[in-house]
Structure formats: structure tokens, C-alpha cells
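Biologist: Before we discuss any labels, could you put the sequence and the model on the screen, so that I can ask how each label was reached?

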Amino acid sequence: MFCALGSAVCFGTASVLQAVATRATAPGTGSGVDPALLLRALRQWRYVAGLALDGLGFLLQVVALRSVPIYAVGAALAASLAVTAVVASRLLRVRLSGVEWGAVGVVCAGLAMLGLASGDEGDRTGSTALRYVMLGIAVAVLVGGAVAGRLPGRARALALGLGAGCGFGVVEVSVRLVDDVAPRALVANPATYALLVGGGAAFLLLTSALQRGSVTTATAGMVIGETIGPALVGVVWLGDRTRDGLGWAAVLGFAVAVAGALALARFGEAPAEAVAPAEAVAPARTPLLEDHHD
């Protein structure tokens, strides 16, 4: 559980560091993200530090997924929004409302309940059929994203965000389905391709959602997609369990943590009011918004 929380801290802090770096980066043409602008951002130590934290966060996420139930890891990753909110209030001087500070506390309370109630990682390795199902879902996310991109306004942001969440969820489950990291085994395992396609599709859809619609709507969809589905797969098909007699606490803690994260959905990207649109550069986990319209 410490690795899952560490991953959330890394992802949440990285978003703010990258936002601070883009504020100090000379603006480009104002046409959006471009290679030259990315190179200028990479000269800022905070941006590089943010990328390093993203990498460390992913490694901690993998370790966590191999040791604790998926439902606990998913809730912890959603809690990265609380980390972003708190760090942004310090580094970017973003003012949090009383409700948002309350949501941060709710997320912490939910994670505390989960930590106490979570049992060991499930002992099932998953069937071959489940591996192919994950690959099929990853492809469906990619195809569905192309269709969702044509929807109007808020519906598009929600659909793309939900698709991105499902893609990240595929990554969470696929990590558990990769039980042998020998090169030959990796090549033969459908879960390997599900992880790559799901992760790539998730980044693509999330970037599109944040650039073309409401960040709050897109992030809410992402949080739902990357927590509920993977948690059910972990419990039903991979054997994730809770401590004896504490199943109710795990369910309540999961619900509370996710609800708190949804209340902080506007922090799905490092607070845009602190970053000029022409300076926006997309970080690895939570891309910055280019413009703000529904």
C-alpha cells in the first residue's frame, strides 16, 4: 500500500512541477504543443524532475499491483488529484475552497480505511481468456475513442475521459496478468500487448479530452473508468480479498476515496489558471489543457 500511495504522490507532484516549469518557458507560436516548445520545457529542471517522478510513479504502481489488491491501487492513483491540489496550493498559489479541502480530507480518510481493510493480492494468475479480453478491451478503447471524438461538447469530454480511464484500467489489470518477464514469455502473452495498447490509447484519449473539452468532466470520467472496472476484475477473476470481517470497510473506503477524488476533478490537469495557454506542454500522466471550453 505504501508503494501505491508513493505512486500517487509522484504523479500528483509531477503535474504541478511541470506546470511551474511551463510558466517559466518562453511561449511559442500559441498553436499548442510542438516539439520546439517541448525542448524548451526540458531545459527547466522542474519539468525534468516531473518526468522523473512520472517514471518513478509508474514503477511504484507496478510494484503495488504485484503486492496489493487492484481496488486499493486504483483508489490510491485517483488520490493523486488530492496531492496535485495540495501541492498546487503551495507552489502555484491556487486557492482551494473549503469544499475542496474537505475533499482532500475525505480522500485521506477513504485511503486510511482501505489500508486497514485491504488483504493480500489475489493468488490467481488469470486465464488465457482474460488476457485476450484485456487485449480486446484495449483495442475497443482505441476504436471507441475515434468515435467519441466526434461527439459534441461535454459528451465528448466525458466519453474520451471514460475511455482513457478504461485504458489505464487495462494497464492495471494487465500488470497482474504478466506473470513471467522472460522475453519469450512476454512476446507470447496477450497481456503484454494489452498493456501497451491500453496505455497508449489512454494517453491519446486523455490528451484529446483535455484539449477539446471540460477538464472536470474528462477527469471525472477517467477516475470512474480506472477504478471501478479494474477493482471488479481483481475481486471476481484474480481473487483479491479483504481482511476477515472488514469487507464493508474496504467497500466504504473505496467509495469514499473515489468520491473525494471526483470532487477534485478540476485538478485532473495542473491548475490551468496558473499556466498561460500558449505555454501549455503535456506531461506524461495528466496533460495540460491547451484551451478551456466545453
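**How the labels are reached**

Modeller: The buried residues of α12 are A249, A250, G253, F254, A257, V258, G260 and A261, where buried means under 20% relative accessible area, exposed over 50%, and partly exposed in between, with a 1.4 Å probe and protein chains only. This is a predicted model, in which local features need pLDDT of at least 70 and side-chain atom pairs count only at pLDDT 80 or more, while totals for chains, interfaces and linings use all residues. Residues are numbered from 1 along each chain as its sequence is written, and side-chain values use heavy atoms, with hydrogens and water left out.

Biologist: How do you know on which side of α12 they lie?

Modeller: The buried residues cover an arc of only 160° around the axis, so they are on the same side of α12; the arc is that of the directions from the helix axis to the C-beta atoms. The face turned away from that buried side carries the exposed residues W248 and V251.

Biologist: What makes the span of helix α12 agree with its number of residues?

Modeller: Helices are DSSP runs of H or I with at least four residues, numbered from the N terminus, and the expected span is 1.5 Å times one less than the number of residues. For the 17 residues of α12 (residues 247-263) that gives 24 Å, and because the end C-alpha atoms are 25 Å apart, the two values agree.

Biologist: What covers the buried residues of α12?

Modeller: The cover includes α4, α5 (80-91), α6 (98-117) and α11 (215-236).

Biologist: Why is D240 called buried?

Modeller: D240, found in the loop between α11 and α12, has 1% relative accessibility and therefore counts as buried. Its side chain makes a polar contact with the side chain of R176 at 3.0 Å; a polar contact is a pair of N or O atoms within 3.5 Å, where within protein one must be able to donate a hydrogen and the other to accept it, and residues adjacent in sequence count only if both atoms are side-chain atoms.

Biologist: Are C3 and C10 buried or partly exposed?

Modeller: C3, at 27% relative accessibility, counts as partly exposed, whereas C10, with a relative accessible area of 7%, is buried.

Biologist: How many disulfides are there?

Modeller: A disulfide is a pair of cysteine sulfur atoms within 2.5 Å, and by this rule the count comes to 0.

Technical notes. Helix = DSSP H or I, 4+ residues; strand = E, 2+ residues; numbered from the N terminus. Contact = heavy atoms within 4.5 Å.
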